[in-house]
Every structure is written in C-alpha cells, then in structure tokens.
Amino acid sequence: MNAAFDQIAEYAARSPMSRSTLRRDSGTPLVLELLSRFGRSVREWGYTTSLYSYRLHGRHPGQLLGSPDDPAPGNATLGSAIFGGDMLFEGEQHALKEEFWIRLDSASPAFRRYAHSFHWLQDLAQVGDQIKARDAAETILGWWLPFGEDWFKEAWEAETLARRLINWLTHAPLILSADDLVYRSKVLTSFARQTRHLMRVWRDTEHGLPRVYSTAALTLCGLLLPGGAAWLNRGALELERTLKNFILPDGGPASRNTADAIRTMQLLILVRGAFQERGDDLPPWVQTTLDRIGPFVRAMRHGDGSFAQFGGVTAEGGHGTNAILAASEAKGKAIENAAHSGFQRIVAGKACLILDAGPPPGGNFAARGHASTSALEFSNGQERLIVSVGPASKRGPMPQLAKLARTTAAHSALVIGDRNSTRLMDDGRLGAGVSETLTIREVMEESVRLRTTHDGYLKRFGVKHERIVELSSDGTRLKGSDRLFGPKLRKLSGQQVLLRFHLHPQVKALKAPDGRITLETRSGKTWIFDADGGIAEIEDSLYLSKPDRPEATKQIVVTLSKEGAQRGSGEGTNQPICNWVLSEMNI
C-alpha cells in the first residue's frame with residue numbers, strides 16, 4: 001500500500017500542471033453555537049447534583065486489560081523536578097504537597113488543565129528510577145482521588161477528562177503497581193465513573209483535535225476496561241467519523257496545524273496498540289489514516305528536520321515527532337502538492353521551498369490559525385534561510401508576541417498598509433480576509449513554478465495578491481514575483497506595500513552598495529538577494545524555534561516603489577509589482 005501511495009504522490013508532483021481552488025470554511029452559525037453553549041450549561045448544572053453522581057455508579061472493573069505504549073517520549077528533566085517537589089509547566093512552578101490540588105486555584109488555567117490531564121505522567125515515565133517514579137505518581141494520584149471523585153467543571157471538562165483517561169491507560173504501570181488493594185480499587189472505580197461520564201459528554205469537545213481526543217479516549221476505555229463493549233462501539237464509530245472530517249485527503253488536518261496531525265498520529269498509534277493487546281482485528285481505517293498523515297507531516301519538514309512554522313506548529317513540531325513517525329509505520333514519501341490542505345512543497349537539489357497556498361482555517365480552528373496565506377519558507381540542505389517568526393507562548397519572556405506572531409507581518413509574505421491578509425480579532429480569532437485561493441503548479445524542463453493568488457486585501461484595498469515562485473532544478477536559484485491587481489487599484493493610494501523575508505538567526509545579512517543583499521550561512525555559503533521594482537533594506541526581526549525562546553535575527557524588507565510599477569491594463573493605473581531573485585553564489 002505504501003508503494004501505491006508513493007506512486008500517486010510522485011505523479012501528482014510531476015504532473016505538468018495542476019490547478020486547485022480552496023475556499024475558507026465559514027464554520028458553525030453563531031445561533032447554533034449559542035444554543036449549544038446554553039444546552040451545555042444546563043447539563044453542567046445537572047452534573048453537580050447527587051443524583052448524577054449516583055448515575056455514574058456501575059460495574060466495578062477488577063483490572064485493566066492492557067496498557068498500550070506511548071510512542072512520544074516525555075521530558076526526564078520535568079519528571080525529575082517532580083521528585084524535587086515541584087511541578088513545572090511553561091515556566092510556571094507549583095509545590096507538590098498533600099494540599100496541592102486544593103491550592104491549584106492560584107495557578108493559571110493552562111497549568112490547571114495540564115495538571116488535571118495527568119500529562120506529567122509522560123515525564124515521570126522517562127526518569128531512570130522507575131520505583132521512585134511510581135511512588136510519586138501514586139502519591140499525587142492518591143491526593144487527587146478524593147478531590148476529583150465527583151464532577152466539577154475544570155477537571156471533568158470533556159477534553160481534559162479524555163486526556164486524563166488516555167494518560168492513565170498508557171501509564172498504568174506508574175499508577176497501578178501498588179500492593180494497596182484499596183487504592184487500586186479506588187483508581188479502577190474512578191476509571192469507570194469517568195468513562196461513563198465521557199460517554200455522555202464526548203460531543204462537548206470542539207471539532208478537530210479535541211474531538212479526536214474524546215473519541216480516542218472512549219475507544220481506548222472500551223478496549224481496555226472490562227465490560228466496555230458499548231464504549232468501544234460508540235468510540236470507534238465516532239473516531240472514524242471524526243477523522244474523515246478532520247484529516248483531509250492529502251493527510252493534512254483541517255486546522256492547517258501540522259502539530260495536530262502529529263498528535264492525531266500519536267492517538268491512532270495508541271488505539272492500534274490497544275487493539276493488538278486485546279488480540280482484536282484492527283479496523284482498516286486506523287492504519288489507512290496513519291498512511292495518509294505520514295507523507296503530509298514529512299512534507300512540512302525542511303532538510304534539517306525542522307517544520308515550516310505555518311498554522312501554529314513550532315520548528316521542532318512537538319517533542320517526540322521522530323518517534324511518533326517511526327511508530328506509525330507510515331512509510332510514504334513526502335507529498336509535494338498538498339492541494340486539499342493548501343500547502344505546496346518543491347524540492348530541487350539540496351533546496352526545499354514550502355509555501356502556504358491556502359486560506360486560513362475557519363470555525364473553531366480560527367482561534368489558533370495564522371494570517372500567513374502566500375507566505376514561504378526556504379532552506380538549503382541542513383540550513384534554513386527564509387523562515388517565519390514562529391508561534392509564541394503567552395507565558396514566554398515576551399507575552400505580546402503570542403498575538404503578533406500570528407500576523408501576516410510575522411511571515412515571509414506581502415503586507416499592505418500594515419494590515420493582515422486576514423483580520424486578527426480582539427478575541428484571538430481570525431476574522432474576515434482571505435476567503436479563496438487559487439494555486440497553479442507547473443513542472444517545467446529546468447524548474448518548478450508555483451502561482452498562487454488570494455483575495456485577502458480585495459474588500460479593503462480593491463486588489464488581489466499574486467505570488468509566483470520558481471525554483472531551478474538544481475536548487476540554486478529561487479525567482480519570485482509579487483503583484484497586486486484588481487478593479488480598484490486607486491484604493492491603494494497612500495498605502496505602503498512591503499515584502500518581508502524573515503531570516504534564520506544563523507544567516508548573516510549585509511547590503512552591498514549596488515542595493516543587493518548578501519546572505520552568508522553558517523557553513524560559509526553565500527546567497528545573493530536582488531529585487532526589481534522595490535527597495536530592499538535589512539531590518540531587525542525575531543525568530544522562535546520554541547514558543548518561549550525568542551532569538552534576535554534579521555529580515556529583508558522590500559518597499560514596493562511606484563516608479564518601478566508596471567502599467568495596468570484598461571484603467572491607466574499602476575499595478576504594484578516586484579520581481580526578486582535569491583541565488584546561490586559560486587565562489
């Protein structure tokens with residue numbers, strides 16, 4: 001099957017010409033969303049009653065039927081910190097004492113979700129002294145059991161609940177190795193009670209990765225808890241449906257965030273492992289979905305293994321990416337024309353170009369999306385040259401970067417009037433802007449050309465943006481052209497039009513007297529950037545390989561000049577256009 005996938009991907013990449021149009025999903029209507037929230041509030045009131053607590057009673061499981069291996073390794077340093085009496089998460093630290101769960105009110109919402117999800121068990125699983133790790137895990141869980149026995153919103157919210165059950169199942173040796181039969185009975189009883197609640201609330205998770213978590217958790221509990229046939233049937237059915245909607249035909253997620261694809265792979269590997277431990281036949285859609293996702297994840301990586309930072313994924317992609325890819329057994333080659341998710345990839349010689357050629361996500365996914373349409377990243381071998389700023393953490397040293405990093409200006413893209421191609425709203429969601437993109441991919445004798453157009457600036461400035469990039473077959477010459485065209489070019493009057501090319505921190509930039517810019521990589525290679533139709537300057541920028549680790553770097557900023565504009569047809573107005581080239585210099 002992998003060979004067939006490779007042949008299809010190779011044909012799509014080498015097809016002389018392909019054309020794709022993508023339209024942004026409008027999401028759930030506001031009225032339906034409000035009704036859903038109201039219904040959830042009413043149900044949550046009912047969960048607080050003693051009658052509902054009674055309804056969670058049922059068969060007491062005597063043991064677990066298995067514990068699948070988590071392919072993603074944890075962080076041994078964070079696990080060792082727990083031995084020292086502290087739980088750490090994104091720069092936040094809280095002391096581990098018997099009243100830990102009660103005093104958690106002083107922690108941030110993100111830390112509380114992390115603690116209640118028991119994700120820290122993954123870190124304890126990596127420390128060398130596993131006897132000490134089991135003692136710590138069972139002690140902290142022992143504190144939690146009386147605290148979390150009955151429903152309360154923060155700990156029993158659907159996604160947090162699903163993550164907790166998955167972590168308990170995959171790290172069962174850490175929490176169920178004690179000889180204390182009373183303690184073991186309490187843990188197993190809690191397992192069953194929480195799964196009964198999840199059976200009722202899995203729909204309360206948002207569409208996308210949260211829904212994958214809730215349905216995967218229900219499937220795992222159905223497989224690994226005695227008497228879980230009903231949970232398994234419902235979970236497997238809904239997980240399959242969720243994946244059909246979330247994972248697009250090219251393997252990319254509807255959220256357009258590569259990290260979501262990686263986490264989906266991790267969950268499917270756990271589900272596959274649970275079926276194998278039970279000795280049950282694996283539903284064919286599990287491995288088929290893994291085989292689709294694998295080539296997409298590989299497509300979003302540069303030569304050094306780092307990810308193109310589009311849609312919210314960090315350069316490292318998330319801890320354990322290599323292990324997850326290996327465990328997935330998805331061996332398909334990197335797809336080059338991801339026409340459904342809206343990403344394009346060109347590999348020539350040692351060079352790799354990755355282009356965001358799709359509209360940003362809509363609906364619930366818009367809360368994390370980036371206004372990066374038509375942005376590009378470029379690398380050569382193990383060295384990255386043109387990058388994006390990268391997603392930032394609100395708890396990092398520069399919290400304001402969390403919003404700024406999602407702007408168009410934080411990507412290597414064209415910006416008009418310091419506005420985003422898709423509006424970034426005050427509540428963090430992406431609003432109006434790019435609604436449609438058109439991409440044409442052409443494979444020619446000595447190069448591959450991409451032409452992509454978006455309408456993000458049409459309503460505000462009366463123009464569409466067209467970007468053409470062409471990479472030579474030896475990978476030493478990248479030519480580009482950025483053009484604005486449309487029926488109302490006069491609305492551009494007085495607006496500054498900029499091209500931004502953010503540079504990796506290991507690239508040194510120097511402007512020559514003739515206006516060209518010299519880029520020197522760490523290995524000593526030299527690249528020349530030249531622009532026709534604009535004035536190129538070197539300015540300061542930032543780069544985040546991790547969300548909490550900003551590094552100073554530079555960017556090339558090209559201001560499009562009216563003098564260099566070409567004459568538009570029919571209206572006698574100037575079409576702003578800039579032709580640029582980045583070429584490797586042979587010395």
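**Exercise 1. Place Glu329 in this predicted model, then describe its backbone and its exposure.**

Step 1. Glu329 sits in the loop that runs between α16 (321-328) and β4 (337-338).

Step 2. Check the backbone angle. Phi of Glu329 is near 60 degrees, which is a positive value in a residue other than glycine. Most residues other than glycine have a negative phi.

Step 3. Turn to exposure. The relative accessibility of Glu329 is 45%. Exposed means over 50% and buried means under 20%. Glu329 therefore counts as partly exposed.

**Exercise 2. Do the same for Asp418: is it buried or exposed?**

Step 1. Find the loop. Asp418 lies between β9 (414-416) and β10.

Step 2. Read phi. For Asp418 the angle is near 60 degrees, a positive value in a residue that is not glycine.

Step 3. Apply the cut-off. Asp418 has a relative accessible area of 64%, so it is exposed.

**Exercise 3. How many cavities of 30 Å³ or more does a search of the whole structure find? Describe the largest cavity and its lining.**

Step 1. The search finds one such cavity.

Step 2. Take its size. The largest cavity has a volume of about 40 Å³.

Step 3. List the lining. The residues are Ser20, Leu22, Ala338, Ala339, Gly342, Phe343, Gln344, Ala357, Thr437 and Thr439.

Step 4. Assign elements. Two or more lining residues come from each of β1 (17-23), β5 (343-348) and β10 (436-443).

Step 5. Sort by class. Five lining residues are nonpolar and five are polar. No charged residue lines the largest cavity.

Note on methods
Residues are numbered from 1 along each chain as its sequence is written. This is a predicted model: local features need pLDDT of at least 70, side-chain atom pairs count only at pLDDT 80 or more; totals for chains, interfaces and linings use all residues. Side-chain values use heavy atoms; hydrogens and water are left out. On a 1 Å grid over the protein atoms alone, a cavity is a set of points where a 1.4 Å probe fits but cannot get out, and a pocket is an open set with protein on both sides within 12 Å along at least five of seven lines; lining residues have an atom within 4 Å of a point. Grid points are joined across faces, edges and corners, and a volume is the space filled by probe spheres set on the points. Helices (H or I, at least four residues) and strands (E, at least two) are DSSP runs, numbered from the N terminus. Ala, Val, Leu, Ile, Met, Phe, Trp, Tyr, Cys and Pro count as nonpolar, Asp, Glu, Lys and Arg as charged, and the others, Gly among them, as polar. Buried means under 20% relative accessible area, exposed over 50%, partly exposed in between (1.4 Å probe, protein chains only).
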